[in-house]
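Reader: I am new to this structure and would like to learn how to read it feature by feature. Could you take me through it slowly, with the general idea before each case?

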Amino acid sequence: MKNKLFKAGLLVLCVTLLSSCVSKKKILYLQDIDTSLTTNELNYKSLIKKDDILRITVTSENMELVQPFNQFIGPTNQGSLNGAGQQGQLFGYLVDNNGEIVFPLLGSIIAAGKTREEITEFLQSVLREKFVKDAVVDVRIVNFKVTVLGEVNNPGTFNLDYNRITLLQVIGQAGDLTIYGNRKNLTILRDLDGVQTSHRVDLTNSDFIDSEFYYLQQNDVVVVEPNYAQVQAAGFNRNASLYVSVASVLISLIVIISRN
C-alpha cells in the first residue's frame, strides 16, 4: 500500500512537470527560413479604401503657385509648409461611399481601389500639365491602423504614421506573443470592398512571407488564439509552479507516512 502511494505521488509530479513543458517547435518563428525563404521581390501595395482619409501635399519651387492645392485647418503661413507655430494642420481628404475625393480645382477623383502611388502619379501628372510644371505630390493614408487581439503582451489598436508594415512588425508593436499564443494558427481579418475575409498564418513557417498577408492593410485585425494546452487546461500552465510545489508537499507527506 505504501509503495503504491509513493508511486502515485511520483506519477503526479512527473505529469505536472511534463504538462508545464512546451516544445520549441511550437514557439520558434520561421523555423525553415534558412532553406525556404524566397529571393523574389516581395509584392507590396496598399489599396485606398472607402472611408480612408488621405493627406495630400503638393510642393513646388514656388510654393505660392501650389497654395490652392494645400488646404489647411487653422492659421497658415503662406509660401511655406513649415511655418512652425503658425502653420495649421493639413486638411484630410475623406474617401466617400462612391470611392471618390474632391480635390481643389480638379473636382471629384476616384481614389478607392487605387494605390497611393497611382493617385500620386495621377495628381502629379494633371497638376504639371495644367497648373504647375514642377509640382511634386505626396499622398499618405493618415488613418492607417491595425488591431492585434488575443495572446499578445500588449493587445490593442495601433495607429501608424507609415503605410508599409509587416505582420511581424505589428506583432512587435503588440509586445510579441505570450508563451501561450498559438504561433501556428493566427487569423488575419481583412475588409475587401465591404466583405470581411479571413486568412490563417503559421508563424513557424516562412511561407506566409510570400503571401499577400505579410504586409498588412489599413484596418486589418490580427487575432492570436491560445495554444491547445492553454485551452484544455484553462490556465493550468500559468499556475504550473504552484502545482509543482503542492505536488512536492504531497509527496513529502506520502514519504513521511510510508515510513511510519
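**Reading a predicted model**

Author: Isoleucine 119 is buried, since its relative accessible area is 1% and buried means under 20%. Please keep in mind from the start that this is a predicted model.

Reader: Where does isoleucine 119 lie, and which residues is isoleucine 119 in contact with, leaving aside its neighbours within four places in sequence?

Author: Isoleucine 119 lies in helix α4, and with the neighbours within four places in sequence left aside, its contacts are Ile48, Ile110, Ala111, Lys114 and Val139. One of these partners also shows how sequence and space can be read together, for isoleucine 119 and valine 139 are 20 residues apart in sequence, while their C-alpha atoms are 7.4 Å apart in space.

Reader: Is arginine 116, in helix α4, buried or exposed?

Author: The way to decide is to set the relative accessible area against the cut-off, and because arginine 116 has a value of 18%, under the 20% that marks burial, arginine 116 counts as buried. The helix that holds arginine 116, α4, covers residues 116–130. Beyond four places in sequence, arginine 116 is in contact with Ser46, Ile48, Val139, Arg140, Ile141 and Asn163.

Reader: How many helices and strands does the protein chain have, and what share of its residues is buried?

Author: The protein chain has 7 helices and 12 strands, and buried residues account for 36% of its 260 residues. A further summary concerns contacts between residues at least 6 apart in sequence, of which 61% join residues at least 24 apart. As for the outside, the accessible surface of the chain is about 15,500 Å², and carbon and sulfur atoms hold 54% of that surface.

Reader: Which residues touch the most other members of the largest nonpolar core?

Author: That core has 47 residues, and those that touch the most other members are Leu54, Ile56, Phe103 and Leu167. Let us take leucine 54 as the case to follow: apart from residues up to four places away in sequence, leucine 54 touches Ile48, Phe91, Gly92, Tyr93, Val95, Ile101, Ala111, Val139, Arg140 and Ile141.

Reader: How should I read a pocket, and what is the volume of the largest pocket?

Author: The general idea is that rolling a probe the size of a water molecule over the atoms shows where empty space is left. In this structure the largest pocket has a volume of about 600 Å³, and its lining consists of 27 residues, with Leu47, Lys49, Asp191, Leu192 and Gln217 lying nearest its centre. Sorted by class, the lining has 8 nonpolar, 9 polar and 10 charged residues. Strand β10, which covers residues 181–192, gives the most to this lining, with 4 residues.

Reader: Where is aspartate 220 placed, and is aspartate 220 buried or exposed?

Author: Aspartate 220 is placed in the loop between β11 and β12, and aspartate 220 is buried, because its relative accessible area is 0%. Not counting residues up to four places away in sequence, aspartate 220 touches Lys145, Val146, Thr147, Ile188, Leu189 and Arg190. Aspartate 220 and aspartate 191 are 29 residues apart in sequence, with a C-alpha to C-alpha separation of 7.3 Å.

Reader: Is glutamate 212, which has its place in the loop between β11 and β12, buried or exposed?

Author: Glutamate 212 counts as exposed because its relative accessibility is 58%, and exposed means over 50%. The C-alpha atoms of glutamate 212 and histidine 199 are separated by 9.9 Å, and these two residues are 13 apart along the chain.

Reader: What can backbone angles add, for instance the phi of leucine 105?

Author: Here one looks at the sign of phi together with the residue type, and leucine 105 has a positive phi of about 70 degrees although it is not a glycine. Leucine 105 lies in the loop between β5 and β6, and leucine 105 is exposed, with a relative accessible area of 61%. Aspartate 176, also a residue other than glycine, has a positive phi near 75 degrees. The place of aspartate 176 is in the loop between α5 and β10, and at 32% relative accessibility aspartate 176 counts as partly exposed.

Note on methods
Residues are numbered from 1 along each chain as its sequence is written. This is a predicted model: local features need pLDDT of at least 70, side-chain atom pairs count only at pLDDT 80 or more; totals for chains, interfaces and linings use all residues. Side-chain values use heavy atoms; hydrogens and water are left out. Helices (H or I, at least four residues) and strands (E, at least two) are DSSP runs, numbered from the N terminus. Buried means under 20% relative accessible area, exposed over 50%, partly exposed in between (1.4 Å probe, protein chains only). Contact means heavy atoms within 4.5 Å. Accessible areas come from the Shrake-Rupley method with a 1.4 Å probe; for residues, only the protein chains shown count as cover. On a 1 Å grid over the protein atoms alone, a cavity is a set of points where a 1.4 Å probe fits but cannot get out, and a pocket is an open set with protein on both sides within 12 Å along at least five of seven lines; lining residues have an atom within 4 Å of a point. Grid points are joined across faces, edges and corners, and a volume is the space filled by probe spheres set on the points. Ala, Val, Leu, Ile, Met, Phe, Trp, Tyr, Cys and Pro count as nonpolar, Asp, Glu, Lys and Arg as charged, and the others, Gly among them, as polar. A nonpolar core is a set of buried Ala, Val, Leu, Ile, Met, Phe, Trp, Tyr and Cys residues joined through side-chain atoms within 4.5 Å.
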